[in-house]
Structure formats: C-alpha cells, structure tokens
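Trainee: I keep meeting words such as "buried" and "antiparallel". How do I know when they apply?
Mentor: Let us take them one by one, value against cut-off.

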Amino acid sequence: MTALPRRAPLARRDFLALGAAATAAALLPGRAFAAIATGVKLHGLSAFGDLKYSPGFTHFDYVNPDAAKGGQMNFAPPNSIFNQSFLTFNTLNSLVLRGESPPRTELCFDSLMASALDEPDAVYGRLAESVTLSPDRNGFRFSLRPQARFHDGSPLTAEDVAFALKLYKDKGHPNLSQVLRHMTEAVAVDPVTLDLTFNGKQSAQNILAIVAMPIVSKAFYTVNDFDASTMKPPLSSGPYKIGRVAAGQTVEYERVADYWGRDLAVNRGLYNFDRIRIDFYINRQAAFEALKKGDTHFREEFTSRVWATGYDFPALKDGRVVKREFPGEKTPSMQAVALNQRRPQFRDVRVRRAIANCFDFEWTKRVLFYGAYERSQSNFERSDYKAEGLPSAEELALLEPFRAELPPETFGEAVMQPVSDGSGHDRKLLRAASRLLAEAGWKRAGNFVVNEKGERLRVEMLAEDDGIVRLFSPWAENMKTIGIDASIRQVDSTQYEQRQSNFDFDFTLLAWSIGATPTADGLEILYDSRMAKTPGMRNYPGTESKAIDSLIEAAGKAQSRIELVTALKALDRVLRARLDWIPTYYLANHRVAYWDMFGFPEQKPDFGFPVEALWWFDKDKAAKIGKG
C-alpha cells in the first residue's frame, strides 16, 4: 500500500537544509523569543531555548566536515514544497503558484539564515553575518556578508534581499506571501545592511520563516517575468545551479565549485555531490524499476507491498543495493483526508463521521500495509502537541470562550477514531454510520441516501496514482454499502495540483510536515479561516472557525514551549472533535534503498533527513559495485 510523499511548508524548514530539528535540551521549557537581547549583533535566533552553537562554531555536529566532494547521486525526492511535482515539470520557478516545477530547485538559492537539524527552531547566519533586533522587536537589521555572489559573479546585496521579499509578498506562491503579510518595509540601507520592519501583528516566530526564504536576483527579475511559467533557469547564488534539463523528464543540479559560501559553518560538510540528477516517471512501478536497474541510486519506499515483497532483485541479493530503515524525525506527523466543506453536503459533522467510519484501518493495515503503518488520531501525531485524555485547566481557559461554537466532544476525552473488527466490512461501524447519515437528514431511497430534495450524497475521491486508488477502493465500497454514491477520480499530476490548489474536489488526501516547532504561519496554511478562500493554501476542508483562529493566534503568541504545547493540544482537540481532517496513518521510520556507493554520518539528525545534502560519494565503495 502507498503513503504520500510529504509536502512541507517553507515556514518550518530551512529552504536549503530541508528541515527543522530538535535536541532533548531544547525541548525543555526555555526562554521565549521575546527575551532575546535587542540592540546587539546576534549570530543566530531561536524561538525557545538558548542556541546550541556558539559564535565562531565551525560546522554542525551531524555533518562530516571532511566529506569528499564529487560523484553523482541519481535521486528520487521523497518530499517537495510549493508548486513542485514528483511526476513531471513544466517550469523551473518553484516560487509561484503557476505551473509545476521539479523538486530541489531550492538547492540553487541562498537564504539569510539556515536552520540546524539538531535544534527545533534555531537559525544561524548564511547570507547574514548577524542580526540585530530593535527595542520593540518589530525591526530586524541584518549585516550581510560582502563576499556573497550570484553565479554570474555579480554581488548579492541587501538590495536583492529587499527586492526578493517584496516580490514574494506581492507575487509569490501563497505559502510565501502569506508569511510576509505583516512585513511593512524591506529597505537596503547600504549594500550590506538590510532593515526589515513589521507591523506588530506578526507572531514571535514569524521572522524564523522569513530568514529561510530563497533570495533571487533583482537584476534577473527586472528583465524577466517572475510569475511566468518558463524553462529558463533563474540566476541564483547557492551551492548548486541548474544544469541539463529535459522538460518533464530529467533535471540535473550541478555543484558550484567556487560557491562563495562553501566554507561557512552552516554549509561545511554539506552539498557534496558534483551532480544531483532527478528523473521523472509516470508511475511508481516505473520508478522502482529504475532503482533495480541502477538508473536511480537512492529511493525512499512509500508502498508497503513493494517494501514487503518487491526487494528481491539481483542487485539487492548480492549486496550492491542496501535496504534499510532510518529513524523518522521527531516532528508532528500529519496524513489525513479532507472533506471539502465548501460543498454543503460535507458541512454536517455527522456526515464526516459517517464517512470516517467507512475507513477500516485495521483491515487496511493487515491486507494492504503488510502491518507497517499505525493509525493516526491527530494532526500532531508523534509529538507533545497531541491531545490526550481530558483537557487541562490551561487548555480549558483557551477553549471556554468558544464553547457555544465548538462540538461538546471538544471538552471531553480527546476524540479517537473508531477501531474496526478488521473484517473490511465492520457491520457495527457501518450501522453507526447509517444512523449518523439519517440524523443528518439523509434517507435511504433504493441503493442510495438522498436529502429532502431527492439529491444523492455523492463523494468523489481525488487520487493521483494507482497506490492511492488501492487505498480508496475499499473505503468507497463501504460508503456505497451505506448508500453514499462514492467514486474515485484518478487524474494526472497537473490536474491533481490544480484541483487541490483551487479547492475543486470532494475528498482528497494530504501528507504534511508541520515542523518541530509549529509556527502561526505554518498553522494558518492548514487551518486559518482566511486560507479557506486563498487558492494554493492547504486549508482543504475550508475550515472557518473563530475558535481555531484564536488558538492559532495563541500558538503564535506563546512565550514558552509549555504555552505552545497547551495551545496546540487545545487546537488538536478542536480539529478532532470537528473532524475537519480525518486522520489516516503514519510510518515511524524512513524505508530506503540505495546503491552502496555513499558515505554518510551513521547518527542521523533528529529532525531532518536531506540525504542529497548530507551524504557523499564514496569512490571506493562505488568501484566495488561497478559504479565508480
């Protein structure tokens, strides 16, 4: 069975390092962002807790600072951002809503700061040598490194940074523009000094998202259309540049040997491959065959059936290919189904519960998942933010003002999804689902349930590939049993992205990385009322709730990790009681296979797994398996 490759919001991941991180010490209650000193130059910022790395640190602890440079990785990306697609591409611009771009264009760009993979919310200077906070904490002055250069040799200055941020606020992908909405000014004081000013309505962690944004060239986008769908590579400044491209089929990223930032502490030991190649395949089986033949060197497996039965090919049997699991990140895990409440038939929570009852996870785990997955109960699975038992007094203080709006279940034990008998057709759950539909006004008329106007309850399940169709098929059959006119619509990746972006669906599945320290900006993408009407956002259910908006605001204002945990547990209770998202399943580990030609730090960082940045080419290993 198939899980979705994950999408992640820029708001909680470093644009280049592809992740946030955590250490045990940082998870303890610490000082709030508001307590960070003002008027002094800082080498890093953190939402909660002191920075792990001191000024003058030479490299992150989880890298090999002496990693060899060279070689090629043919890479199958397991995650993406913005408008990126795993199946095809028709533009090289990932920073706008229009078109489909290839994953990892982010490797070509620098950002003001970079996050560490062993801290939950700390960032350190990349383009910025230091940052100074104004006394009111609404202003940030960045001192840029004068040696920063674009790939054509031209200097990257504060003017470029100011231009890029204002460009994103005006024309960028909604995931960018939404984060920047409280920025009032971006001013280049001189070539190496940048001032950012905010209106005071931003969350305390908002700046952590902005400093991770890619910086584009003002000169390039003065003569080129930013929002055009184009195959012209943009001018960039990062560790890689776009090399050979075959539209929709292949993209190669070439390491920039004279990259200006190669010796920075945040970059040392990273970005080791001379070339990273991504090939695009129409379906998962074709992509798997590419691994078996050696056309792909690294692949993360999302199909349980293939992981359980397909890894018996010659290269694996003779040791040239390694099959291995790596620990998952210590971040909240979300994989859930959205029923589009912009459509009136899904606005009644009883209808949503009835549809949830038709998902027989226990049967799915046994028959389709080969026992690999666990049932999700929360959008913050595997984290301290997951609600358990009865609400605490602190949670109740946040929830009580909205008691009239919220389902009564919000104030009891945290809502749990039902456990089936594993038969695939649990009569008890299906009878309960039928009662829920009847209570919601849907009456049986022949093979279907209808409303007072005689209209059928229809559910079209949107799918992108065969694996998701296999997941949806038994779910649809159970819905048909209780009279729902359920169908599955499989579309190509372009239609899939367009329909999700424009909220043109009944039922769709999303896997999302929220990050170790969820910010208000990241939460708004998924749950905020304003995002229900903003194309490109991930508020797929169309959630509009004053209570949810208030809890997101409380999370943004949290002055300690304890306050953040309280706000998110309260939010979790509301989401689970409303059933805006139907939680599905999660996997504890990364299941990967790779040709045995790489070196990597054996101790994986807790909150990131960017193998294309962390690993390196081992020429001796490669020679032994004929890949030298």
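Mentor: Start with a definition: a strand is a DSSP run of E, at least two residues long. Bear in mind that this model is predicted.

Trainee: Then where is glutamate 374 found?
Mentor: Glutamate 374 is in strand β17, residues 374-375. The run reaches the minimum of at least two residues, so it counts as a strand.

Trainee: What makes glutamate 374 buried, exposed or partly exposed?
Mentor: Its relative accessible area is 36%. Buried needs under 20%, and exposed needs over 50%. The value lies in between, so glutamate 374 is partly exposed.

Trainee: Which residues are in contact with glutamate 374, leaving aside its neighbours within four places in sequence?
Mentor: They are Phe361, Lys365, Thr584, Tyr585 and Tyr586. Contact here means heavy atoms within 4.5 Å. Take threonine 584: it is 210 residues from glutamate 374 in sequence, but the two C-alpha atoms are 8.6 Å apart in space.

Trainee: How do you know whether alanine 338 is buried or exposed?
Mentor: Its relative accessible area is 0%. That is under 20%, so alanine 338 is buried. It sits in strand β16, residues 333-339. Beyond its neighbours within four places, alanine 338 is in contact with Phe505, Asp506, Phe507, Thr508, Tyr540, Pro541, Asp580 and Trp581.

Trainee: And how far is alanine 338 from alanine 246?
Mentor: They are 92 residues apart in sequence and 35 Å apart in space, C-alpha to C-alpha.

Trainee: What about lysine 293: buried or exposed?
Mentor: Its relative accessibility is 58%. The cut-off for exposed is over 50%, so lysine 293 is exposed. It belongs to helix α5, residues 284-293. Its C-alpha is 8.3 Å from that of alanine 315, which lies 22 residues away in sequence.

Trainee: Why is helix α8 called largely enclosed by the rest of the structure?
Mentor: Count its buried residues. Seven of the nine residues of α8 (349-357) are buried, so the helix is largely enclosed. The buried ones are Val349, Val351, Arg352, Ala354, Ile355, Ala356 and Asn357.

Trainee: On to helix pairs. What describes two packed helices?
Mentor: The angle between their axes and the distance between the axes. For α15 (546-557) and α16 (561-578), the angle is about 160° and the axes are 8 Å apart.

Trainee: How do you know whether α15 and α16 are roughly parallel or antiparallel?
Mentor: Over 145 degrees counts as roughly antiparallel. Their angle of about 160° passes that mark. Therefore α15 and α16 are roughly antiparallel. Their crossing is left-handed.

Trainee: Which residues meet there?
Mentor: From α15 come Ile548, Leu551, Ile552, Ala554, Ala555 and Lys557. From α16 come Glu563, Leu564, Ala567, Leu568, Ala570, Leu571, Val574, Leu575 and Arg578. By class, the contact of α15 with α16 holds twelve nonpolar, no polar and three charged residues.

Trainee: And how do α14 and α15 pack?
Mentor: Helix α14 (520-527) packs with α15 at about 165°, with axes 9 Å apart. That angle makes α14 roughly antiparallel to α15. The crossing of α14 and α15 is right-handed. On the α14 side the contact uses Ala520, Leu523, Glu524 and Tyr527. On the α15 side it uses Ile548, Asp549, Ile552, Ala555 and Gly556. The contact of α14 with α15 has six nonpolar, one polar and two charged residues. Gly counts as polar here, so Gly556 goes in the polar class.

Trainee: What is the phi of tyrosine 271?
Mentor: About 60°, a positive value, although tyrosine 271 is not a glycine. It lies in the loop between β12 (250-255) and β13 (275-279). At 3% relative accessible area, tyrosine 271 is buried.

Trainee: And the phi of leucine 579?
Mentor: Near 55°, again positive in a residue other than glycine. Leucine 579 is in the loop between α16 and β23 (581-583). Its relative accessibility is 4%, so it counts as buried.

Trainee: Last one. How many disulfides does the structure hold?
Mentor: Zero. A disulfide needs a pair of cysteine sulfur atoms within 2.5 Å. As for burial, cysteine 108 has a relative accessible area of 2% and is buried. Cysteine 358, at 1%, counts as buried too.

Conventions
Residues are numbered from 1 along each chain as its sequence is written. This is a predicted model: local features need pLDDT of at least 70, side-chain atom pairs count only at pLDDT 80 or more; totals for chains, interfaces and linings use all residues. Side-chain values use heavy atoms; hydrogens and water are left out. Axes are lines fitted to C-alpha atoms, for helices over the stretch in contact, and angles run from 0 to 180 degrees between N-to-C directions. Helices (H or I, at least four residues) and strands (E, at least two) are DSSP runs, numbered from the N terminus. Angles under 35 degrees count as roughly parallel, over 145 as roughly antiparallel, 65 to 115 as roughly perpendicular and the rest as oblique. A crossing is left-handed if the near helix is turned anticlockwise from the far one by less than a right angle, and right-handed if clockwise. Buried means under 20% relative accessible area, exposed over 50%, partly exposed in between (1.4 Å probe, protein chains only).
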